[in-house]
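Here is a brief report on one protein chain. It covers confidence, fold elements and a surface patch.

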Amino acid sequence: TKEQYAAIRKKEDEKKKANYQKNVAKAGKFLDYTQFYLDRGTDVGEKWFQSPTRGHRMAKTKYDWSGKTDPSKKQETGLKK
């Protein structure tokens, strides 16, 4: 019906507007690669290559890769309680 069509269109339009506003909020937030290379030290030397991460940024994961298991954490053991 016409009302159902209008409701669907309204929902889609609201979703588009929300997505647009999310992207507008991200405007101007970017990584300046020139500054990245200066911070890493790759512009003048190769000291960064000797570091454990070889110039990469490290991030935390939701998994524990240490090899130790904690039974209270389901994602490590695979057990369901």
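The mean pLDDT of this predicted chain is 77, and 77% of its residues reach 70 or more. pLDDT is the predictor's confidence in each residue, from 0 to 100. In this predicted model, local features need pLDDT of at least 70, side-chain atom pairs count only at 80 or more, and totals for chains, interfaces and linings use all residues. Residues are numbered from 1 along each chain as its sequence is written, and side-chain values use heavy atoms, with hydrogens and water left out.

The chain has 3 helices and 0 strands. Helices (H or I, at least four residues) and strands (E, at least two) are DSSP runs, numbered from the N terminus. The order is α-α-α. Among these elements, α1 has the highest mean pLDDT (94), and α3 (residues 74–77) the lowest (54).

Of the 81 residues, 4% count as buried. Buried means under 20% relative accessible area, exposed over 50%, partly exposed in between (1.4 Å probe, protein chains only). The accessible surface is about 8200 Å², with 56% belonging to carbon and sulfur atoms.

Leu-31, Tyr-33 and Tyr-37 make a nonpolar surface patch of about 320 Å². Such a patch takes residues with over 30% relative accessible area and no salt bridge (Lys or Arg side-chain nitrogen within 4 Å of an Asp or Glu carboxyl oxygen). Its nonpolar side chains (Val, Leu, Ile, Met, Phe, Trp, Tyr) are joined within 5 Å.

| Residue | Location | Relative accessible area |
|---|---|---|
| Leu-31 | loop between α1 (2–25) and α2 (33–40) | 40%, partly exposed |
| Tyr-37 | helix α2 | 39%, partly exposed |

Tyr-37 also lies 9.1 Å from Gly-55, C-alpha to C-alpha, with the two 18 residues apart in sequence.

Conventions: Patches are made of residues with over 30% relative accessible area and no salt bridge: like charges are joined within 9 Å, nonpolar side chains (Val, Leu, Ile, Met, Phe, Trp, Tyr) within 5 Å. Accessible areas come from the Shrake-Rupley method with a 1.4 Å probe; for residues, only the protein chains shown count as cover.
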